[in-house]
Each structure stands twice: as C-alpha cells, then as structure tokens.
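Here are my notebook entries from a session of looking around one structure. Keep it open beside you and follow along.

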Amino acid sequence: MTHRPEHPTAPGHRPRRALPRRRAAALVAAAALLLTAPGCATDPGTRPASGKGGTLVIGSTGKLPNTDTLLGGAGFEGKRLVSFQLYEGLTRYDLSRTDAAPEITGALATSWKVAPDRRTWTFQLRKGVTFHDGTPFDAQAVVFNLDRYLDKKSPHHTDALGAAAQEYAGSIASWRARGTHRVELVTKKPNGHFPDDLAHVLIASPSAVRSAGTTGLTRRPVGTGPFSFASQRPGEEIQLTPYRRHWRGAPRLERLIVKALPDAAARTAALRSGSVNWIEYPHPDDLAALKADGARILTNHYDHLWYWILDTESGPWKDPRVRRAANYAINREAIAEKLLHGTADPAYQAAPRSTLAYDKAGDRYGYDPAKARRLLAEAGRKDGFRASVTVPTAGSGNLLPVPIAEALQRDLAAVGIEVEIRTTDWSTLIAAEARGEVARGSDAIAQSTTLFQSEALLPLFIGSDSTFWTGGYGNARVDALLASAAASPDRAVRQRAYREALTQVTRDAPWLFVVNDRNPRALAPSVRGLVQPQSWFLDLTTVHVTA
C-alpha cells in the first residue's frame with residue numbers, strides 16, 4: 001500500500017532494535033485521554049497577516065502537560081493545546097473539516113508506502129524543515145528521537161520516555177535512515193493504523209536534547225510545530241509564539257497563552273472578565289448566560305464516551321445480566337438534555353458516535369427500569385445490592401463527573417442498586433488504573449475515553465491481556481477481531497471488524513454506557529477563524545483575535 005508516490009530508496013544504516021514493551025506504565029497516558037471536539041466552520045472575515053492576529057488566551061480544564069514530547073500527562077487536552085502546537089510527528093490529522101472525522105495526512109513526512117510483508121514502511125521526509133532552534137530536520141533526527149524513546153542504550157533515554165513511547169511507538173521493531181530524507185520503520189507485526197500512530201510520536205530537536213540534557217525539554221521544549229516556546233509556569237501557564245519558518249506558513253496569532261483553570265466557575269468568570277478569550281468546556285448551566293453576553297458556543301460530535309468500567313471478575317457485576325440491567329436502568333436522555341443541556345448525546349452502545357465503528361442499528365440500551373428489574377430478578381438480585389464507584393472530580397473530557405454520577409446513583413437506586421460514590425482527583429484515578437488498580441478500592445470507576453481517535457488504544461481498553469484496569473473484561477472473539485483489524489491497512493476491512501467487536505462489547509456490557517460528549521467551548525466574539533473538527537484536536541494556525 002502506498003500513500004502518495006515514493007522514490008527509489010537510498011543506502012542506509014544498521015537497523016535499531018526496540019526495547020521490550022512496558023505496557024502498564026504506558027497506560028497512564030492512555031487513561032488520561034482528554035476529550036474535546038465541537039464543530040463550526042471557519043469564521044468569515046479577512047485574516048490578518050501571519051503573526052499579527054492578536055493574543056489568544058485559553059482557559060483549559062486541567063493541569064498543563066509536561067512539555068517533553070511524549071511525557072505529557074494531561075491527556076488529549078494537553079496534547080491538543082500544547083504538545084501538538086510545539087511538536088509534530090511524521091503524520092498529522094487533517095483538521096480542516098467539520099463534517100467528517102479527520103483523515104491522516106503528511107506532516108514531517110510527505111509520503112509513505114508499506115512493503116508486501118505489511119511490516120516494512122518507508123517514509124519520504126519533508127525537505128527544508130528546521131526546528132525552532134535552527135537545527136535542520138532530516139532522517140537522522142527521526143533516528144535520534146526513536147533511539148531516545150526505544151533504545152535503552154541511548155544516553156538520552158529514560159524509563160519514563162520508554163514507557164510513554166509504548167502507547168504509539170511500541171509496535172516498532174527497528175528503524176534506520178535510508179539517506180538524508182528517507183527512513184525505514186519495521187513493525188513487529190502488521191499494523192494497518194501505523195500512520196495514525198505516528199501522529200503521536202513527536203520529534204524534538206536533537207541539538208536541544210544534547211545541549212539541555214535528558215530532561216531539558218521539560219524546561220524549554222524545541223520542536224518543529226507551528227508555535228515555539230516563550231515561557232511557562234509548569235503545569236499552570238505556558239506562552240507560545242508563532243514559528244515564522246513553519247513549513248505550512250506562520251500561524252495568524254501574535255501569541256498563544258494557555259492557562260490551567262480546572263474549576264468551571266473560574267473559567268466562566270475569566271471569560272467574562274476578559275482575562276481569557278476562550279474556555280474549554282464551559283459549565284452547561286452557564287451556556288445561556290454566556291451566549292447572552294455575546295460568547296459563541298461551538299460544539300461537534302467526536303470520538304468520546306463517558307462511562308463506568310465495572311468489575312466483571314467478582315461481586316454482582318460479574319453476572320452479565322446484572323450489568324445489562326444497570327444499563328437499562330439509567331436515563332441517559334435526561335442526563336444529556338437536562339443535566340448537560342444538550343451538549344452530549346445518549347450513549348446506547350459501546351461505539352461512540354462519529355467513529356468508524358458506530359452503527360445506529362447497534363443502539364441497544366434504552367431507558368427501561370421494568371426490564372432492569374426483570375434482569376436483576378433472573379440473576380437472583382431481586383432485592384438489589386450495594387456497590388461503589390470511584391469518580392474523578394474533574395479532568396480531561398470528564399464533563400460534570402460528580403453530578404453525572406449522582407444522577408446515575410438515583411436511577412440505579414430506583415431498581416435496587418445502591419451505589420456509594422467515592423471521589424478522587426483525575427491524576428490519582430488514572431495512575432491507579434495504569435497499575436491495574438482502582439483508586440479508593442471501588443468496584444467500578446467513572447471516566448471518559450476515546451476509542452478510535454487512536455486505534456492503537458483499543459486493545460488497552462477492551463483487550464483480554466491489558467494490564468490497565470479494565471474490570472477484568474475479556475472476550476476471545478473481541479481479541480481476534482481487534483487483531484484482524486489492526487493487521488489490515490484497508491480502512492473498510494478495519495471498520496467491519498471494529499463494528500463486530502464493539503457489537504460484542506455492547507452485548508457483554510462490561511461498562512455502563514452513559515453519554516457521548518459534544519464538548520462545547522466558549523469563545524469571545526473577538527476570536528475568529530476556528531475550524532472545529534470532529535476530533536479531540538484543533539488546528540490553531542487559522543485562529544486570530546480581532547481588536
């Protein structure tokens with residue numbers, strides 16, 4: 001399979017071999033998946049010249065990420081607002097459309113092809129690209145970064161980087177330069193979504209890493225992204241400026257500032273006061289007032305699921321009839337429309353809307369308390385039972401986690417399931433989850449996730465051998481379908497397999513399926529030019545702020 005034309009290969013170097021997979025630690029990043037993706041077309045109006053488009057100040061919902069390439073730690077929101085602005089991979093998401101999920105296109109690579117063995121990939125690299133510090137980008141820069149991530153013998157490798165790299169680069173068996181502007185990457189087994197994975201394998205300046213040391217990028221990141229680093233208060237605020245030599249042209253903004261504002265009321269107050277001119281996930285109760293104040297509220301479908309993971313290995317949740325009963329017991333429509341004011345859609349199945357696996361015919365769990373009671377009686381739970389759930393108080397893509405959990409608590413109590421809500425912070429919850437544990441010892445956890453924005457994550461969430469806490473769920477048929485899909489570069493083949501796999505997951509009900517977010521964001525009237533795609537991610541190069 002070829003993506004755009006390729007040229008004859010040049011002689012290269014000895015292949016590098018990857019480290020063994022360290023999946024448990026990698027799952028910290030997987031669990032931290034933040035979600036965001038409303039939709040609106042590009043705003044009309046004349047754009048200012050590059051770098052003259054004012055200052056954009058964004059209030060984010062959580063702590064900002066570690067700025068060293070893959071370390072992140074703030075989920076997809078941190079990647080969306082910071083990491084993807086500073087760095088690029090060989091590929092990227094085309095975020096220019098609002099009417100379909102984004103396709104993968106070239107970034108630091110212009111074309112690629114896979115050999116008949118379906119494991120050997122050759123990437124033609126983009127010429128004329130430089131890092132923010134002036135270092136030329138070439139094949140050796142790619143090799144240097146993969147050494148740093150995957151070769152334990154590299155002087156720039158750390159265990160944390162190696163663990164984080166397993167999420168998206170863990171399938172790479174060897175890598176080598178094939179001339180100045182071509183690299184060959186060989187995967188351990190056929191990986192049809194490999195180009196998608198590489199959008200997340202970010203490339204840093206080798207010169208910056210060598211001069212600043214192993215942890216230097218945490219203090220001063222240097223990539224090839226559309227924005228370059230200016231200053232930061234780690235975790236709290238970062239300031240970026242447009243990179244005027246970016247290969248797609250300089251962004252319109254004069255400055256980009258991202259502030260951590262985890263409290264929804266504080267974000268709304270900041271937008272009203274003018275201290276920020278954009279906020280991620282405004283509280284749904286504030287939407288009408290913000291609109292009246294002149295703010296624009298943008299939403300769109302994207303790959304998001306808010307759900308509970310249930311303990312399928314022990315206790316009441318071990319019985320699939322009990323899990324299905326719980327799914328029939330909850331009023332998703334009331335949560336989506338009344339609590340979240342239409343900023344989410346009811347989730348009647350495992351596959352999120354706006355994903356290749358979603359088929360409306362697969363919607364299964366409507367609101368039917370009578371059916372829930374019948375299933376509980378069949379399972380010998382006529383009198384109900386007690387359970388517990390650990391809920392994050394905020395965090396990436398988690399919407400209004402405690403109020404949603406309280407609404408579910410009331411619905412489940414109506415059929416005899418008494419649930420104790422135990423709260424914790426998001427980072428504690430996902431760190432425990434990555435260790436195969438549940439924070440606060442509950443028999444369920446509440447969280448949000450993506451499934452298909454990054455297909456590499458699917459086995460971590462629904463695969464039998466995941467070391468992530470999945471409630472112990474496993475189904476050999478699901479495993480086989482995931483393996484079949486992953487091996488094929490044909491998207492239609494993967495779609496059929498994924499639909500069948502997610503249909504099985506829906507039937508097994510290892511989760512309480514609740515809502516699919518439409519993730520609203522609120523923008524001051526002066527913020528123009530945003531295209532809001534069906535994605536967690538955003539292209540901020542088109543945005544500008546009017547006077």
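**Entry 1: the hairpin**

I began with β8 and β9, which run antiparallel and are joined by five bridges. The model is a predicted one, so I kept that in mind throughout. I looked up the cover on β8 next: five of its six residues are buried, and the strand is mostly covered. Between the two strands of this hairpin sit four residues, and Gly-179 has a positive phi there, near 105°.

Which residue in β9 is the bridge partner of Arg-176? I found Glu-184. The side chains of Arg-176 and Glu-184 also meet, in a salt bridge with 3.0 Å from N to O. Arg-176 counts as partly exposed at 23% relative accessibility. Glu-184, at 12%, is buried, because the cut-off for buried is under 20%.

Arg-178 came up as a further partner of Glu-184: their side chains share a polar contact of 2.7 Å. I located Arg-178 in the loop between β8 (172–177) and β9 (182–187). Is Arg-178 buried or exposed? Its relative accessible area is 14%, so Arg-178 is buried.

**Entry 2: salt bridges elsewhere**

I then searched the whole structure and got 17 salt bridges. I noted a few of them.

- Arg-97 and Asp-99 meet through their side chains at 2.9 Å, N to O. Arg-97 is partly exposed at 47% relative accessibility, while Asp-99 is exposed at 54%. The cut-off explains the two labels: exposed means over 50%, so Asp-99 qualifies and Arg-97 does not.
- Arg-477 and Glu-500 form a salt bridge, with 2.5 Å between their closest N and O atoms. This pair links distant parts of the chain, 23 residues apart: Arg-477 belongs to helix α16 (residues 476–486) and Glu-500 to helix α17 (residues 491–508). Both ends are partly exposed, Arg-477 at 36% and Glu-500 at 37%.
- Glu-77, Arg-80, Glu-280 and Arg-521 are connected as a network of salt bridges.

**Entry 3: the seven-stranded sheet**

In what order do the seven strands of the open sheet run? I wrote down β10-β11-β12-β3-β13-β21-β14, with mixed pairing. β10 (227–233) and β14 (296–298) are the edge strands, each pairing on one side only. On average, neighbouring strands here are turned by 20° against each other, direction ignored.

I took a look at one pair inside the sheet. Strand β3 (residues 55–60) pairs with strand β13 (residues 278–280) in the parallel sense, over two bridges. Ile-58 stands opposite Trp-278 of β13. Helix α8 (residues 264–273) packs on this sheet and touches β3, β13 and β21 (521–523). The direction of α8 makes about 170° with that of β13.

**Entry 4: the nonpolar core**

A general reminder first: nonpolar side chains tend to be buried together in soluble globular proteins. How many residues does the largest nonpolar core have here? I got 160, and the residues with the most contacts inside it are Leu-90, Phe-123, Phe-137, Trp-278 and Trp-308. Helix α3 (residues 139–150) gives the most to this core, eight residues in total. Trp-278 is thus on two of my lists, since it also stands opposite Ile-58 in the sheet.

I followed up on Trp-308. Leaving out residues up to four places away in sequence, Trp-308 touches Val-389, Ala-405, Leu-408, Leu-412, Val-419, Ile-445, Ala-446, Pro-510, Trp-511 and Leu-512.

**Entry 5: helix α10**

Why do I call helix α10 (residues 320–329) largely enclosed by the rest of the structure? Eight of its ten residues are buried, hence the description. The buried ones are Val-322, Arg-323, Arg-324, Ala-325, Ala-326, Asn-327, Tyr-328 and Ala-329. I checked the N-terminal end too: Asp-319 caps α10, with a side-chain oxygen 2.8 Å from the backbone nitrogen of Arg-321.

**Entry 6: one loop residue**

My last lookup was Pro-533, which sits in the loop between β22 (527–528) and β23 (544–545). Pro-533 is buried, with a relative accessible area of 1%. I also took a distance from Pro-533 to Thr-122, which is 411 residues away along the chain: their C-alpha atoms are separated by 29 Å.

Methods. Residues are numbered from 1 along each chain as its sequence is written. This is a predicted model: local features need pLDDT of at least 70, side-chain atom pairs count only at pLDDT 80 or more; totals for chains, interfaces and linings use all residues. Side-chain values use heavy atoms; hydrogens and water are left out. Buried means under 20% relative accessible area, exposed over 50%, partly exposed in between (1.4 Å probe, protein chains only). A polar contact is a pair of N or O atoms within 3.5 Å; within protein, one must be able to donate a hydrogen and the other to accept it, and residues adjacent in sequence count only if both atoms are side-chain atoms. A salt bridge is a side-chain nitrogen of Lys or Arg within 4 Å of a carboxyl oxygen of Asp or Glu. A nonpolar core is a set of buried Ala, Val, Leu, Ile, Met, Phe, Trp, Tyr and Cys residues joined through side-chain atoms within 4.5 Å. Contact means heavy atoms within 4.5 Å. Two strands pair if DSSP finds at least two bridges between them. Axes are lines fitted to C-alpha atoms, for helices over the stretch in contact, and angles run from 0 to 180 degrees between N-to-C directions.
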